[in-house]
Amino acid sequence: MKPYSQSIRWTAAMRGSSAALLLAFLVTPAPGFGADTAEKEPLVLQLPAPTLKGTPEDLPKGPNIEPLSDKAPPPFLVPKGVKNVALGKPVTSSVRPFTGELSQITDGQKEPQDSDTVEMKRGTQWVQVDLGAPYALYAIVLWHDHRYVQVVHDVIVQVSDDPTFKTGVQTLFNNDSDNSSGQGVGTDREYFETNRGKIMDAKGVQARYVRAYSRGGTSGALNCWEEIEVYGLPTK
Ligand SMILES: [Ca+2]
Ligand SMILES: [Ca+2]
């Protein structure tokens with residue numbers, strides 16, 4: 001009879017621990033509980049007009065390039081109440097632009113025209129937005145240069161609380177497949193510049209600084225920027 005009674009005790013112990021686990025689950029929110037269960041809504045962007053220059057017939061192709069689509073992408077969900085926390089915030093860069101001002105990268109204007117485009121020299125360059133405080137970030141949206149339907153190379157987006165990006169760097173997007181920009185091999189795909197911009201999932205990461213790299217595009221070797229928008233919520 002001993003094995004039987006042991007088995008009963010074992011089962012009772014199991015029930016007890018299951019109940020304890022269940023109770024722990026009910027009273028202890030999992031990490032990120034607030035963000036995951038917050039009410040979500042589609043991200044609404046103020047889209048600029050599409051370029052009047054049309055779509056070139058000889059668009060670059062390849063397995064590493066997202067095909068161009070006429071359809072609107074599926075809604076991108078963000079927690080209710082997110083705002084563009086980059087609007088009007090200061091911008092620095094690896095090199096001074098020779099057309100336009102860095103402040104235009106966060107001024108809300110992003111029409112496909114020369115007067116809304118900031119141009120800086122060729123090679124790998126970066127621009128960086130100081131949000132002024134850490135925020136919980138959910139989406140980063142880039143418009144490099146949609147004056148032309150083109151691919152911009154080595155698009156890399158990083159966040160950090162260190163303005164020099166020496167420590168605590170998290171990479172949210174990287175399509176530099178040959179590491180020519182030196183931030184590591186990226187596995188994201190290249191994409192075409194359009195008026196819709198490019199939405200990157202920031203997954204609630206908390207950071208104050210956003211840095212974005214590029215290395216010219218298929219329409220020209222210069223590095224061009226129209227706008228960076230960063231959708232986030234204040235950290236508690
Ligand atoms: Ca702008
Ligand atoms: Ca590259």
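**Two calcium sites and a strand pairing**

Mentor: Along the sequence, the donor residues of the calcium ion (ligand 2) follow the spacing D-x21-D-x1-D-x1-S. The model is predicted: local features need pLDDT of at least 70 and side-chain atom pairs pLDDT 80 or more, while totals for chains, interfaces and linings use all residues. Residues are numbered from 1 along each chain as written, chains are lettered from A and ligands numbered from 1 in written order, and side-chain values use heavy atoms, without hydrogens and water.

Trainee: What makes the protein atoms around the calcium ion (ligand 2) donors?

Mentor: A donor is an N, O or S atom within 2.8 Å of the metal, or 3.2 Å for Na, K and Ca; water is not among the atoms, so a site may look incomplete. Asp 154 (OD, listed twice), Asp 176 (OD), Asp 178 (OD) and Ser 180 (OG) lie 2.2 to 2.8 Å from the ion, so they meet the Ca limit.

Trainee: Why is Asp 176 called buried?

Mentor: Buried means under 20% relative accessible area, exposed over 50%, and partly exposed in between (1.4 Å probe, protein chains only). Asp 176 has 0%, so it is buried. Asp 178, at 55%, is therefore exposed.

Trainee: Which residues coordinate the calcium ion (ligand 1)?

Mentor: Gln 104 (O), Asp 107 (OD), Gln 109 (O), Glu 226 (O) and Glu 227 (OE) do, at 2.1 to 2.4 Å. Gln 109, in the loop between strands E4 and E5, and Glu 227, in strand E11, are 118 residues apart. Strands are DSSP runs of at least two residues (helices, H or I, at least four), numbered from the N terminus.

Trainee: Why is Gln 109 called partly exposed?

Mentor: Its relative accessible area is 43%, so Gln 109 falls in the middle class. Glu 227 has 0% and is therefore buried.

Trainee: How do you know that E6 and E9 pair?

Mentor: Two strands pair if DSSP finds at least two bridges between them. E6 and E9 have 13, in the antiparallel sense, so the condition is met. In this pairing Trp 126 stands opposite Tyr 213 in E9. E7 also runs antiparallel to E9, with five bridges.

Trainee: What makes the approach of Arg 147 to Glu 119 a polar contact?

Mentor: A polar contact is a pair of N or O atoms within 3.5 Å; within protein, one must be able to donate a hydrogen and the other to accept it, and residues adjacent in sequence count only if both atoms are side-chain atoms. The side chains of Arg 147 and Glu 119 make such a contact at 3.1 Å; Arg 147 and Asp 145 make another at 2.9 Å. At 5% relative accessibility, Arg 147 is therefore buried.
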